[in-house]
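Welcome! Please take a moment to look over the molecule below, and then try each exercise before reading its solution.

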Amino acid sequence: MRPVITAEDVAQLLRAGRGEEALPADALLTPSARDLLRSRKLPARPGTASAREEPKSKAKPGNCGCKHSVDVTNAAAVQAFFHSPEIEALKVKLCDIGRRMWEKDYVDGNGGNITVRVTDDLVLCTPTLISKGFMKPSDMCLIDLEGRQLAGEKKRTSEALTHLGIMKRQPKARACVHAHPPHATAFAIASVVPPPCLIPEAEVFIGEIGLAPYQTPGSPDVANSVGQIGVNHQVVLMENHGVIAWGSDVEDAYWKMENIDAYCKTVWIASQLGSGLHSFGSDKLRDLIAIRKKLGMDDARGDRAGCDLCDPGPFKGAAIKPAIGANEAFTGAQMDTLVRKVTEQVLQRLASGVRGSD
């Protein structure tokens, strides 16, 4: 039986520094595998002309597997870098992330975009006007931090500037994912941030959720607005638009997109049950913030007062019930206030009953 070669098989070859010549002569290539090979401009099958020699760029190896810098004035060096094994593997990854977003209904039509910072000043990004569920590695683009396109046959996404607005301000943002997941986008349209202190995993992996005011998509204004909010928020709801999330790599950024939509969906469902939303309280949240920091994620909430940590803000879906436990008991003054209110209500009901019997 003839072996079947997938895009992942090809990516592994590229990461190992090998080309199509390493494939069996009778191999069957999947369409995505063939697209990946074409994006490197290698010969169609073994035995034909050998792959072209690629010029070497003035670059230093980096801890991401790519390079710290490329001589962007040298077109040959830029092309060599753009078709290097590391970048080809990332192109396949971007296609995979795009397909996953499309399958989960996070994007429709040609919506959404993805970026990965591959050097200190270069970014790999998805193209414009292509469904994220049907991208090919050869569709990807290479841009600088000002949004100028340096490589790629397709035109870069117009919203790359929004991603760059975050990356230029936050060095830890190595990748960004923008999409329109229905539940999180619903909160963005309502200009409401889902309340905190409800689900531990959300506090650890999403952190504090940001809200950026509406600006025209793809404009410098939205890049500036989202960029400023994104410095201290790994997930930003974009008013009347969608969501952008950043992470240490593209998989991390995509996970946060899944996290935020699941969180918004859960909060929305819980708010309809009629029993209110139970908060686990600020003391427990501080424990989760400590865990988040141990995982290498910054969190600016640590110095805030307890009453501010779990403030639900403008969320009106249901009352937030405070947690009452061993570590968060009523003070004497709070108990006196509660007893007084209950007593007043009882006396009012008794008085009303007496008048009704006359």
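The exercises below explore this predicted model, each with a worked solution.

**Exercise 1. Find the neighbours of strand E5 and decide whether its faces are covered or not.**

Step 1: Locate strand E5, which spans residues 141-144. Cys141 and Ile143 sit on one side, and Leu142 and Asp144 on the other. In a regular strand, side chains alternate between the two faces of the sheet.

Step 2: Check the cover. Both faces of E5 are covered, as these four residues are all buried.

Step 3: Look for partners. Strand E4 (residues 122-125) runs antiparallel to E5 and is joined to E5 by four bridges. Strand E6 (residues 149-151) is also antiparallel to E5, with two bridges between them.

Step 4: Follow isoleucine 143 across the sheet. Valine 123 stands opposite isoleucine 143, and in E6 the bridge partner of isoleucine 143 is glutamine 149.

Step 5: Inspect the turn. E5 and E6 make a hairpin with four residues between them, and glycine 147 in the turn has a positive phi of about 90°.

**Exercise 2. Which residue forms a salt bridge with aspartate 144, and is each partner buried or exposed?**

Step 1: Find the partner. Aspartate 144 forms a salt bridge with arginine 148, and their closest N and O atoms are 2.8 Å apart.

Step 2: Compare each value with the cut-offs: buried means under 20% relative accessible area, and exposed means over 50%. Aspartate 144 has 10%, so aspartate 144 counts as buried. Arginine 148 has 53%, so arginine 148 counts as exposed.

**Exercise 3. Describe the salt bridge of glutamate 203 and say which parts of the chain it ties together.**

Step 1: Identify the pair. Glutamate 203 forms a salt bridge with arginine 301, with 2.8 Å between the closest N and O atoms.

Step 2: Place both residues. Glutamate 203 lies in helix H7, while arginine 301 is in the loop between helix H10 (282-294) and H11, so the pair ties together parts that are 98 residues apart in sequence.

Step 3: Check the cover. Glutamate 203 is buried, with a relative accessible area of 3%, and arginine 301 counts as buried at 3%.

**Exercise 4. Work out how arginine 100 and aspartate 96 are arranged in helix H4.**

Step 1: Look at the side chains. Those of arginine 100 and aspartate 96 meet in a salt bridge, at 2.9 Å from N to O.

Step 2: Use the sequence spacing. Because arginine 100 and aspartate 96 are four residues apart in helix H4, about one helical turn separates them.

Step 3: Compare accessibility. Arginine 100 is buried, with a relative accessible area of 19%, whereas aspartate 96 counts as partly exposed at 22%.

Step 4: Widen the view. A network of salt bridges links Lys93, Asp96, Arg99, Arg100, Glu103 and Glu251. The structure holds 15 salt bridges.

**Exercise 5. How many aromatic pairs does a search of the whole structure find, and how is each arranged?**

Step 1: Count them. The search finds two aromatic pairs.

Step 2: Take the pair of tryptophan 102 and phenylalanine 134. Their rings are edge-to-face, 4.9 Å centre to centre, with 70° between the planes. The pair links distant parts of the chain, with tryptophan 102 in helix H4 (residues 85-103) and phenylalanine 134 in the loop between E4 and E5, 32 residues apart. Tryptophan 102 is partly exposed, at 34% relative accessible area, and phenylalanine 134 is exposed, at 55%.

Step 3: Turn to phenylalanine 187 and phenylalanine 315. This pair is stacked, 6.2 Å centre to centre, with 5° between the planes. Phenylalanine 187 lies in helix H6 (residues 182-189) and phenylalanine 315 in the loop between helix H11 (306-309) and strand E12 (320-321), so the pair ties together parts that are 128 residues apart in sequence. Both phenylalanine 187 and phenylalanine 315 are buried.

**Exercise 6. Where are serine 191 and asparagine 240 found, and what are their phi values?**

Step 1: Recall the background. Most residues other than glycine have a negative phi.

Step 2: Read the angles. Phi is near 55° for serine 191 and near 60° for asparagine 240.

Step 3: Locate the residues. Serine 191 is in the loop between H6 and helix H7 (200-205). Asparagine 240 is in the loop between strand E9 (235-238) and strand E10 (242-247).

Notes: Residues numbered from 1 in each chain as written. Predicted model: local features only at pLDDT ≥ 70, side-chain atom pairs only at ≥ 80, totals over all residues. Heavy atoms only, no water. Buried < 20%, exposed > 50% of the residue type's maximum accessible area, 1.4 Å probe, protein only. Pairing = 2+ DSSP bridges. Phe/Tyr/Trp six-rings, centres within 6.5 Å; stacked < 30°, edge-to-face > 60°. Salt bridge = Lys/Arg side-chain N within 4 Å of Asp/Glu carboxyl O.
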